[in-house]
Amino acid sequence: MAHRAYLFAGWIRLWHWTNLVFMLGLTFSGLSLHFADPKVGVIDFNLAQRIHNIFGIALAVSYFFFVVANFATGNWKQFVPKLRGYPGHALLQLRYYLFDIFFGRPAPFPTTPEDHFNPLQKVIYLIVMYVLMPILIITGLMYLWPEMAPDRLFGFDGLLPVAMAHYVVAYFLILFLFAHVYLCTCGTTVTAHFKAMITGWHEE
């Protein structure tokens with residue numbers, strides 16, 4: 001008999017899917033801007049720029065809501081790894097992803113209402129949500145409003161390091177998005193984790 005647990009509150013699910021829309025909009029418009037060619041363009045440059053700006057501001061607002069709601073509800077605790085025995089736990093989880101999962105062996109750290117994420121997920125999500133996302137948003141806003149950027153930074157024009165940081169972080173987040181979608185297919189069924197983020201109920 002499958003074990004069911006209610007994990008994801010309505011605000012988390014709403015934020016998650018809304019954030020996905022914003023990230024996809026930013027990814028496609030950003031790639032169009034970055035690889036823009038006046039003769040060959042998937043999206044018109046000016047249109048891509050407007051889309052990117054709108055979705056960027058929307059993402060900033062969404063992220064602010066996430067941080068406030070995360071701390072107001074205590075959900076922030078899900079992102080904090082338990083330090084005691086962490087290296088061994090992380091290696092155990094890594095072994096599961098690299099080998100055990102392909103032999104149908106059970107996950108070493110089952111999902112529970114107290115622990116939504118396994119040891120590796122906690123650290124990765126902590127870095128993504130509280131390091132990379134702020135960098136992406138702050139550098140994006142500086143690029144949108146250049147007067148926010150310093151005149152000089154590391155010996156360069158202020159906007160150059162800002163732009164490079166924005167691009168590098170964006171690519172890391174795109175890679176994370178692909179990995180996230182792949183791992184979401186690794187539940188009891190291919191769609192189990194996706195359903196959990198729709199209904200809030202996790203089954204295993």
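One aromatic cluster in this predicted model is formed by W15, Y63, F66, F71, W76, F79, F117, Y125, Y130 and F176. Two of these members, F71 and Y130, make an edge-to-face pair, with ring centres 6.3 Å apart and 75° between the planes. Because F71 belongs to helix α2 and Y130 to helix α4, their pairing ties together parts of the chain that lie 59 residues apart in sequence. Both rings keep some accessibility: F71 is partly exposed, with a relative accessible area of 47%, and Y130 is likewise partly exposed, at 25%.

Counted by the ring-centre rule, the model holds 14 aromatic pairs. Among them is the edge-to-face pair of F22 and F55, for which the centre-to-centre distance is 6.0 Å and the angle between the planes is 70°. Here F22 sits in helix α1 (residues 10-34) and F55 in helix α2 (residues 45-73), so this contact between rings joins parts 33 residues apart in sequence. F22 is buried, its relative accessible area being 16%, whereas F55, at 23%, counts as partly exposed.

An aromatic ring also takes part in an arrangement with a charged residue, since R4 lies over the face of W201, at 4.5 Å from the ring centre.

A polar residue can be followed in the loop between α3 (86-98) and α4 (119-144), where N118 is found. N118 has a relative accessible area of 5% and is therefore buried, the cut-off being under 20%. Its side chain makes a polar contact of 2.8 Å with the side chain of Y97, and, leaving aside residues up to four places away in sequence, N118 touches Q93, Y97 and F109.

Definitions and conventions:
Residues numbered from 1 in each chain as written. Predicted model: local features only at pLDDT ≥ 70, side-chain atom pairs only at ≥ 80, totals over all residues. Heavy atoms only, no water. Helix = DSSP H or I, 4+ residues; strand = E, 2+ residues; numbered from the N terminus. Buried < 20%, exposed > 50% of the residue type's maximum accessible area, 1.4 Å probe, protein only. Polar contact = N/O pair within 3.5 Å; in protein donor to acceptor, adjacent residues only side chain to side chain. Contact = heavy atoms within 4.5 Å. Phe/Tyr/Trp six-rings, centres within 6.5 Å; stacked < 30°, edge-to-face > 60°. Lys NZ or Arg CZ within 6 Å of the ring centre and 35° of its normal.
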